Amino acid sequence: MTARRHKIILDCGAANGKLHKLNETINQTQGMHARRRLPPLNGLRVFEVAARHMSFTRAADELCVTNAAVSHQVKQLEEFLGLKLFDRHNNQLLLTGAGENYLPRIREAFRSVQQATELLLSDTARPLRIGVPPALGSKWLVPRLFRFLNANPDLRVEVITEPELQSLDSLDLLIAERQSAERGTVTERFATTGFLPVCSPAVAAELDGLPSLLEHNLLHDRSAQRLAHVPTWRQWLEEVGLSENQARRSMGLSDTQLALQAAIDGQGIALGQQLLVEYDLAAGRLVSPFRTEVSLRLSYYLMYRDGLLGQEGPAALRQWLMDEAQPATLDA
(Lines give C-alpha, C1' and ligand atoms only; values in the text may rest on other atoms or scores of the structure.)
Protein backbone atom coordinates (compact mmCIF):
# COMPACT_ATOMS: atom_id res chain seq x y z
CA MET A 1 0.00 0.00 0.00
CA THR A 2 2.84 2.32 0.91
CA ALA A 3 4.64 1.57 -2.35
CA ARG A 4 1.50 2.32 -4.31
CA ARG A 5 1.10 5.65 -2.48
CA HIS A 6 4.69 6.54 -3.29
CA LYS A 7 4.06 5.78 -6.94
CA ILE A 8 0.99 8.04 -6.99
CA ILE A 9 2.97 10.84 -5.34
CA LEU A 10 5.81 10.41 -7.82
CA ASP A 11 3.36 10.43 -10.75
CA CYS A 12 1.76 13.60 -9.46
CA GLY A 13 5.15 15.18 -9.10
CA ALA A 14 6.05 14.28 -12.67
CA ALA A 15 2.75 15.70 -13.88
CA ASN A 16 3.35 18.91 -11.97
CA GLY A 17 6.81 19.12 -13.53
CA LYS A 18 5.38 18.74 -17.00
CA LEU A 19 2.70 21.32 -16.23
CA HIS A 20 5.34 23.72 -15.00
CA LYS A 21 7.35 23.26 -18.21
CA LEU A 22 4.18 23.77 -20.26
CA ASN A 23 3.44 27.00 -18.44
CA GLU A 24 6.99 28.17 -19.06
CA THR A 25 6.64 27.40 -22.77
CA ILE A 26 3.32 29.28 -22.94
CA ASN A 27 4.79 32.27 -21.12
CA GLN A 28 7.81 32.32 -23.44
CA THR A 29 5.54 32.11 -26.49
CA GLN A 30 3.33 34.89 -25.19
CA GLY A 31 6.40 36.95 -24.52
CA MET A 32 7.63 36.39 -28.05
CA HIS A 33 4.22 37.39 -29.44
CA ALA A 34 4.21 40.45 -27.21
CA ARG A 35 7.65 41.44 -28.43
CA ARG A 36 6.57 40.92 -32.05
CA ARG A 37 3.35 42.94 -31.64
CA LEU A 38 3.32 46.05 -33.79
CA PRO A 39 3.09 49.44 -32.11
CA PRO A 40 -0.09 51.46 -32.72
CA LEU A 41 0.12 52.58 -36.36
CA ASN A 42 -1.81 55.81 -35.76
CA GLY A 43 0.69 56.65 -33.06
CA LEU A 44 3.59 56.05 -35.45
CA ARG A 45 2.04 58.37 -38.03
CA VAL A 46 1.43 61.10 -35.44
CA PHE A 47 4.96 60.68 -34.09
CA GLU A 48 6.49 61.12 -37.57
CA VAL A 49 4.43 64.24 -38.32
CA ALA A 50 5.05 65.79 -34.91
CA ALA A 51 8.79 65.08 -35.19
CA ARG A 52 8.89 66.59 -38.67
CA HIS A 53 7.28 69.84 -37.45
CA MET A 54 8.66 69.68 -33.89
CA SER A 55 5.25 70.89 -32.88
CA PHE A 56 2.10 69.15 -31.67
CA THR A 57 0.04 72.12 -32.88
CA ARG A 58 1.33 71.98 -36.46
CA ALA A 59 1.01 68.19 -36.45
CA ALA A 60 -2.61 68.57 -35.40
CA ASP A 61 -3.21 71.02 -38.28
CA GLU A 62 -1.71 68.64 -40.86
CA LEU A 63 -3.62 65.64 -39.55
CA CYS A 64 -6.86 67.60 -39.04
CA VAL A 65 -7.17 66.56 -35.38
CA THR A 66 -6.92 68.36 -32.04
CA ASN A 67 -3.76 68.99 -30.05
CA ALA A 68 -5.14 66.69 -27.38
CA ALA A 69 -5.52 63.87 -29.91
CA VAL A 70 -1.89 64.26 -31.00
CA SER A 71 -0.73 64.24 -27.40
CA HIS A 72 -2.85 61.15 -26.66
CA GLN A 73 -1.49 59.20 -29.65
CA VAL A 74 2.10 60.03 -28.74
CA LYS A 75 1.48 59.02 -25.12
CA GLN A 76 0.01 55.67 -26.23
CA LEU A 77 3.05 55.00 -28.39
CA GLU A 78 5.44 55.90 -25.57
CA GLU A 79 3.57 53.61 -23.18
CA PHE A 80 3.79 50.77 -25.68
CA LEU A 81 7.53 51.29 -26.14
CA GLY A 82 8.23 52.04 -22.50
CA LEU A 83 10.31 55.00 -23.66
CA LYS A 84 9.85 58.75 -23.93
CA LEU A 85 10.12 60.07 -27.45
CA PHE A 86 9.66 63.81 -26.79
CA ASP A 87 10.79 66.25 -24.14
CA ARG A 88 9.72 69.85 -23.58
CA HIS A 89 12.43 72.38 -22.77
CA ASN A 90 11.67 76.10 -22.44
CA ASN A 91 8.30 75.52 -24.12
CA GLN A 92 10.07 73.89 -27.08
CA LEU A 93 9.44 70.33 -28.28
CA LEU A 94 12.56 68.20 -28.57
CA LEU A 95 13.26 64.59 -29.46
CA THR A 96 14.79 62.40 -26.81
CA GLY A 97 17.69 60.13 -27.66
CA ALA A 98 15.22 57.29 -28.20
CA GLY A 99 13.09 59.52 -30.45
CA GLU A 100 16.09 60.55 -32.55
CA ASN A 101 17.03 56.90 -32.98
CA TYR A 102 13.48 55.83 -33.79
CA LEU A 103 12.50 58.59 -36.25
CA PRO A 104 14.67 57.76 -39.32
CA ARG A 105 13.63 54.10 -39.19
CA ILE A 106 9.93 55.00 -38.98
CA ARG A 107 10.31 57.42 -41.88
CA GLU A 108 12.00 54.73 -43.95
CA ALA A 109 9.22 52.30 -43.10
CA PHE A 110 6.54 54.76 -44.24
CA ARG A 111 8.53 55.45 -47.41
CA SER A 112 8.72 51.72 -48.13
CA VAL A 113 4.96 51.36 -47.66
CA GLN A 114 4.33 54.28 -50.02
CA GLN A 115 6.67 52.92 -52.69
CA ALA A 116 5.18 49.42 -52.41
CA THR A 117 1.69 50.87 -52.80
CA GLU A 118 2.62 52.98 -55.82
CA LEU A 119 4.33 50.00 -57.44
CA LEU A 120 1.31 47.78 -56.80
CA LEU A 121 -1.09 50.33 -58.25
CA SER A 122 1.06 50.94 -61.33
CA ASP A 123 1.35 47.19 -61.95
CA THR A 124 -2.33 46.44 -61.51
CA ALA A 125 -3.78 49.50 -63.27
CA ARG A 126 -4.87 48.11 -66.63
CA PRO A 127 -3.65 50.13 -69.60
CA LEU A 128 -6.12 51.51 -72.11
CA ARG A 129 -5.89 49.23 -75.15
CA ILE A 130 -6.53 50.77 -78.56
CA GLY A 131 -6.46 48.81 -81.80
CA VAL A 132 -5.41 50.52 -85.04
CA PRO A 133 -4.31 49.49 -88.54
CA PRO A 134 -0.48 49.24 -88.57
CA ALA A 135 0.15 52.24 -90.83
CA LEU A 136 -2.27 54.47 -88.93
CA GLY A 137 -0.63 53.40 -85.68
CA SER A 138 2.94 54.11 -86.76
CA LYS A 139 2.36 57.15 -88.97
CA TRP A 140 -0.49 58.93 -87.22
CA LEU A 141 -1.22 57.73 -83.68
CA VAL A 142 2.21 57.05 -82.15
CA PRO A 143 3.81 60.37 -83.24
CA ARG A 144 0.98 62.22 -81.45
CA LEU A 145 0.41 59.98 -78.45
CA PHE A 146 2.89 61.81 -76.22
CA ARG A 147 0.44 64.73 -76.07
CA PHE A 148 -2.26 62.55 -74.55
CA LEU A 149 0.17 60.94 -72.10
CA ASN A 150 1.55 64.32 -71.01
CA ALA A 151 -1.99 65.57 -70.38
CA ASN A 152 -2.97 62.35 -68.58
CA PRO A 153 0.14 61.17 -66.67
CA ASP A 154 -1.86 58.68 -64.58
CA LEU A 155 -3.08 56.75 -67.64
CA ARG A 156 -1.24 54.09 -69.61
CA VAL A 157 -1.93 53.20 -73.23
CA GLU A 158 -1.22 50.05 -75.18
CA VAL A 159 -1.38 50.28 -79.00
CA ILE A 160 -2.38 47.05 -80.76
CA THR A 161 -1.75 46.68 -84.51
CA GLU A 162 -1.94 42.91 -85.00
CA PRO A 163 -5.04 42.15 -87.12
CA GLU A 164 -5.83 38.99 -85.16
CA LEU A 165 -6.17 41.06 -81.96
CA GLN A 166 -8.50 43.67 -83.44
CA SER A 167 -11.52 42.74 -81.34
CA LEU A 168 -13.47 44.81 -78.85
CA ASP A 169 -13.51 41.75 -76.62
CA SER A 170 -9.94 42.65 -75.64
CA LEU A 171 -9.78 46.36 -76.60
CA ASP A 172 -11.20 49.56 -75.16
CA LEU A 173 -11.22 51.43 -78.48
CA LEU A 174 -10.79 50.33 -82.08
CA ILE A 175 -10.06 52.42 -85.16
CA ALA A 176 -10.83 50.58 -88.39
CA GLU A 177 -11.57 51.20 -92.06
CA ARG A 178 -14.94 49.46 -91.82
CA GLN A 179 -17.93 50.03 -89.56
CA SER A 180 -19.10 47.33 -87.20
CA ALA A 181 -22.67 46.06 -87.14
CA GLU A 182 -22.08 44.10 -83.95
CA ARG A 183 -24.75 44.61 -81.33
CA GLY A 184 -23.71 46.73 -78.38
CA THR A 185 -20.99 48.51 -80.36
CA VAL A 186 -20.92 52.30 -80.79
CA THR A 187 -19.43 53.44 -84.11
CA GLU A 188 -18.39 57.02 -84.87
CA ARG A 189 -16.85 58.44 -88.02
CA PHE A 190 -13.30 59.18 -86.98
CA ALA A 191 -11.52 60.74 -89.97
CA THR A 192 -11.68 60.91 -93.74
CA THR A 193 -8.49 61.19 -95.75
CA GLY A 194 -7.63 61.98 -99.34
CA PHE A 195 -4.76 60.62 -101.47
CA LEU A 196 -1.81 62.28 -103.17
CA PRO A 197 1.50 61.24 -104.77
CA VAL A 198 4.48 61.60 -102.42
CA CYS A 199 8.21 61.14 -102.95
CA SER A 200 11.58 62.35 -101.77
CA PRO A 201 12.69 65.89 -102.63
CA ALA A 202 15.33 64.46 -105.01
CA VAL A 203 12.75 62.49 -106.98
CA ALA A 204 10.36 65.45 -107.01
CA ALA A 205 13.07 67.57 -108.65
CA GLU A 206 13.04 65.19 -111.64
CA LEU A 207 9.29 65.46 -112.24
CA ASP A 208 7.85 67.77 -114.89
CA GLY A 209 4.08 67.65 -115.03
CA LEU A 210 1.66 64.83 -114.25
CA PRO A 211 2.63 62.62 -117.25
CA SER A 212 6.19 62.42 -115.89
CA LEU A 213 4.84 60.26 -113.05
CA LEU A 214 4.64 57.37 -115.53
CA GLU A 215 8.37 57.62 -116.24
CA HIS A 216 9.28 56.94 -112.60
CA ASN A 217 8.98 53.95 -110.34
CA LEU A 218 5.44 53.73 -108.93
CA LEU A 219 5.38 52.15 -105.49
CA HIS A 220 2.33 49.93 -105.05
CA ASP A 221 0.87 49.15 -101.64
CA ARG A 222 -0.23 45.53 -102.10
CA SER A 223 -2.29 45.60 -98.91
CA ALA A 224 -4.44 48.36 -100.44
CA GLN A 225 -4.84 46.44 -103.67
CA ARG A 226 -6.36 43.53 -101.74
CA LEU A 227 -9.05 45.78 -100.25
CA ALA A 228 -11.80 47.09 -102.52
CA HIS A 229 -12.49 50.14 -100.32
CA VAL A 230 -8.88 51.44 -100.39
CA PRO A 231 -7.94 53.53 -103.49
CA THR A 232 -5.03 52.42 -105.68
CA TRP A 233 -2.63 53.96 -108.18
CA ARG A 234 -4.82 52.71 -111.04
CA GLN A 235 -7.84 54.63 -109.74
CA TRP A 236 -5.86 57.79 -109.01
CA LEU A 237 -4.21 57.85 -112.43
CA GLU A 238 -7.55 57.30 -114.16
CA GLU A 239 -9.05 60.29 -112.32
CA VAL A 240 -6.27 62.57 -113.61
CA GLY A 241 -6.55 61.20 -117.17
CA LEU A 242 -3.58 58.81 -117.15
CA SER A 243 -3.29 55.05 -117.51
CA GLU A 244 -1.31 52.77 -115.25
CA ASN A 245 -0.59 50.60 -118.28
CA GLN A 246 1.71 53.34 -119.60
CA ALA A 247 3.89 53.31 -116.46
CA ARG A 248 7.45 52.25 -117.27
CA ARG A 249 8.33 50.85 -113.85
CA SER A 250 6.59 49.74 -110.70
CA MET A 251 7.43 47.99 -107.46
CA GLY A 252 5.05 46.16 -105.13
CA LEU A 253 5.41 46.35 -101.34
CA SER A 254 3.42 44.34 -98.87
CA ASP A 255 2.10 47.21 -96.74
CA THR A 256 1.66 50.97 -96.52
CA GLN A 257 4.62 51.57 -94.21
CA LEU A 258 7.05 49.89 -96.61
CA ALA A 259 5.71 51.88 -99.55
CA LEU A 260 6.11 55.18 -97.68
CA GLN A 261 9.59 54.26 -96.46
CA ALA A 262 10.65 53.39 -99.98
CA ALA A 263 9.40 56.79 -101.10
CA ILE A 264 11.34 58.51 -98.32
CA ASP A 265 14.46 56.63 -99.42
CA GLY A 266 14.10 57.94 -102.99
CA GLN A 267 13.12 54.61 -104.56
CA GLY A 268 9.99 55.90 -106.27
CA ILE A 269 6.62 57.59 -105.83
CA ALA A 270 3.98 56.31 -103.42
CA LEU A 271 0.28 57.08 -103.33
CA GLY A 272 -0.01 58.37 -99.78
CA GLN A 273 -2.94 59.01 -97.50
CA GLN A 274 -2.95 62.65 -96.42
CA LEU A 275 -3.66 61.51 -92.87
CA LEU A 276 -0.53 59.36 -92.78
CA VAL A 277 2.03 61.54 -94.56
CA GLU A 278 1.51 64.94 -92.94
CA TYR A 279 4.34 64.47 -90.41
CA ASP A 280 6.76 63.34 -93.13
CA LEU A 281 5.69 66.27 -95.33
CA ALA A 282 6.17 68.73 -92.47
CA ALA A 283 9.62 67.28 -91.73
CA GLY A 284 10.67 67.45 -95.39
CA ARG A 285 11.21 63.70 -95.68
CA LEU A 286 8.49 63.62 -98.31
CA VAL A 287 7.10 66.18 -100.71
CA SER A 288 3.88 66.25 -102.71
CA PRO A 289 4.80 67.33 -106.22
CA PHE A 290 1.21 67.47 -107.50
CA ARG A 291 -1.69 68.72 -105.43
CA THR A 292 -4.22 67.59 -108.01
CA GLU A 293 -7.66 67.21 -106.47
CA VAL A 294 -9.34 63.83 -106.91
CA SER A 295 -12.48 62.32 -105.43
CA LEU A 296 -10.78 59.30 -103.84
CA ARG A 297 -11.36 59.08 -100.09
CA LEU A 298 -10.91 56.59 -97.29
CA SER A 299 -12.82 56.81 -94.01
CA TYR A 300 -11.81 55.53 -90.60
CA TYR A 301 -14.25 54.70 -87.81
CA LEU A 302 -13.85 54.73 -84.05
CA MET A 303 -15.63 51.91 -82.22
CA TYR A 304 -16.16 50.95 -78.59
CA ARG A 305 -18.60 49.06 -76.42
CA ASP A 306 -21.81 50.78 -75.38
CA GLY A 307 -21.39 52.25 -71.90
CA LEU A 308 -17.59 52.39 -72.02
CA LEU A 309 -17.52 56.18 -71.95
CA GLY A 310 -18.88 56.07 -68.43
CA GLN A 311 -15.28 55.30 -67.46
CA GLU A 312 -12.98 58.30 -67.10
CA GLY A 313 -9.91 56.86 -68.88
CA PRO A 314 -11.58 55.58 -72.07
CA ALA A 315 -13.70 58.74 -72.27
CA ALA A 316 -10.58 60.92 -72.10
CA LEU A 317 -8.80 58.89 -74.79
CA ARG A 318 -11.83 58.91 -77.08
CA GLN A 319 -12.20 62.71 -76.80
CA TRP A 320 -8.50 63.26 -77.44
CA LEU A 321 -8.59 61.03 -80.53
CA MET A 322 -11.58 62.88 -81.96
CA ASP A 323 -9.95 66.27 -81.31
CA GLU A 324 -6.69 65.15 -82.97
CA ALA A 325 -8.48 63.75 -86.03
CA GLN A 326 -10.71 66.76 -86.60
CA PRO A 327 -8.20 68.88 -88.61
CA ALA A 328 -7.47 65.94 -90.91
CA THR A 329 -11.19 65.38 -91.47
CA LEU A 330 -11.76 69.05 -92.27
CA ASP A 331 -8.79 69.28 -94.63
CA ALA A 332 -9.61 66.12 -96.58
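**Notebook: cores, rings and a helix crossing**

I began with the largest nonpolar core, which has 57 residues. Trp140, Ile175, Phe190, Trp236 and Leu321 have the most contacts inside it. I note that this is a predicted model.

Which helix gives the most to this core? It is helix 6, residues 134-151, with 6 residues.

I then listed the neighbours of Ile175, leaving out residues up to four places away in sequence. Ile175 touches Ile130, Gly131, Val132, Pro133 and Leu136. It also touches Phe190, Tyr300, Tyr301, Leu302 and Leu321. Phe190 and Leu321 are also among the residues with the most contacts inside the core.

Apart from the largest core I found another, of 19 residues. Val49, Val74, Leu85 and Leu93 are among them. I add a general remark: in soluble globular proteins, nonpolar side chains tend to be buried together.

**Aromatic pairs**

Next I looked up the rings. The count comes to 6 aromatic pairs.

I took Phe47 and Phe86 to start. Their pair is edge-to-face, at 5.6 Å centre to centre and with 65° between the planes. The angle is over 60 degrees, so the pair counts as edge-to-face. Phe47 lies in helix 2 (residues 41-53) and Phe86 in strand 1 (residues 86-89), so the pair ties together parts that are 39 residues apart in sequence. Are Phe47 and Phe86 buried or exposed? Both are buried.

Then I turned to Phe148 and Trp320. This pair is tilted, with 5.6 Å centre to centre and 50° between the planes. Phe148 sits in helix 6 and Trp320 in helix 12 (residues 312-331), so the pair joins parts 172 residues apart in sequence. I checked burial here too. Phe148 is buried, with a relative accessible area of 0%. Trp320 is buried as well, at 12%.

I also noted a cluster: ring pairs link Phe47, Phe56, Phe86 and Tyr102.

**Helix 3 against helix 4**

Phe56 led me to helix 3, residues 56-63. How do the axes of helix 3 and helix 4 cross? They come within 8 Å and cross at roughly 105°, with helix 4 spanning residues 67-81. That makes helix 3 roughly perpendicular to helix 4.

I looked up who makes the contact. Helix 3 supplies Phe56, Thr57, Ala59 and Ala60. Helix 4 supplies Asn67, Val70, Ser71 and Val74. By class, the contact has 5 nonpolar, 3 polar and no charged residues. Two names recur in my notes: Phe56 belongs to the ring cluster, and Val74 to the core of 19 residues.

Conventions: Residues are numbered from 1 along each chain as its sequence is written. This is a predicted model: local features need pLDDT of at least 70, side-chain atom pairs count only at pLDDT 80 or more; totals for chains, interfaces and linings use all residues. Side-chain values use heavy atoms; hydrogens and water are left out. Axes are lines fitted to C-alpha atoms, for helices over the stretch in contact, and angles run from 0 to 180 degrees between N-to-C directions. Helices (H or I, at least four residues) and strands (E, at least two) are DSSP runs, numbered from the N terminus. Angles under 35 degrees count as roughly parallel, over 145 as roughly antiparallel, 65 to 115 as roughly perpendicular and the rest as oblique. Contact means heavy atoms within 4.5 Å. Ala, Val, Leu, Ile, Met, Phe, Trp, Tyr, Cys and Pro count as nonpolar, Asp, Glu, Lys and Arg as charged, and the others, Gly among them, as polar. A nonpolar core is a set of buried Ala, Val, Leu, Ile, Met, Phe, Trp, Tyr and Cys residues joined through side-chain atoms within 4.5 Å. Buried means under 20% relative accessible area, exposed over 50%, partly exposed in between (1.4 Å probe, protein chains only). Rings of Phe, Tyr and Trp (its six-membered ring) pair if their centres lie within 6.5 Å; planes under 30 degrees apart count as stacked, over 60 as edge-to-face and the rest as tilted.
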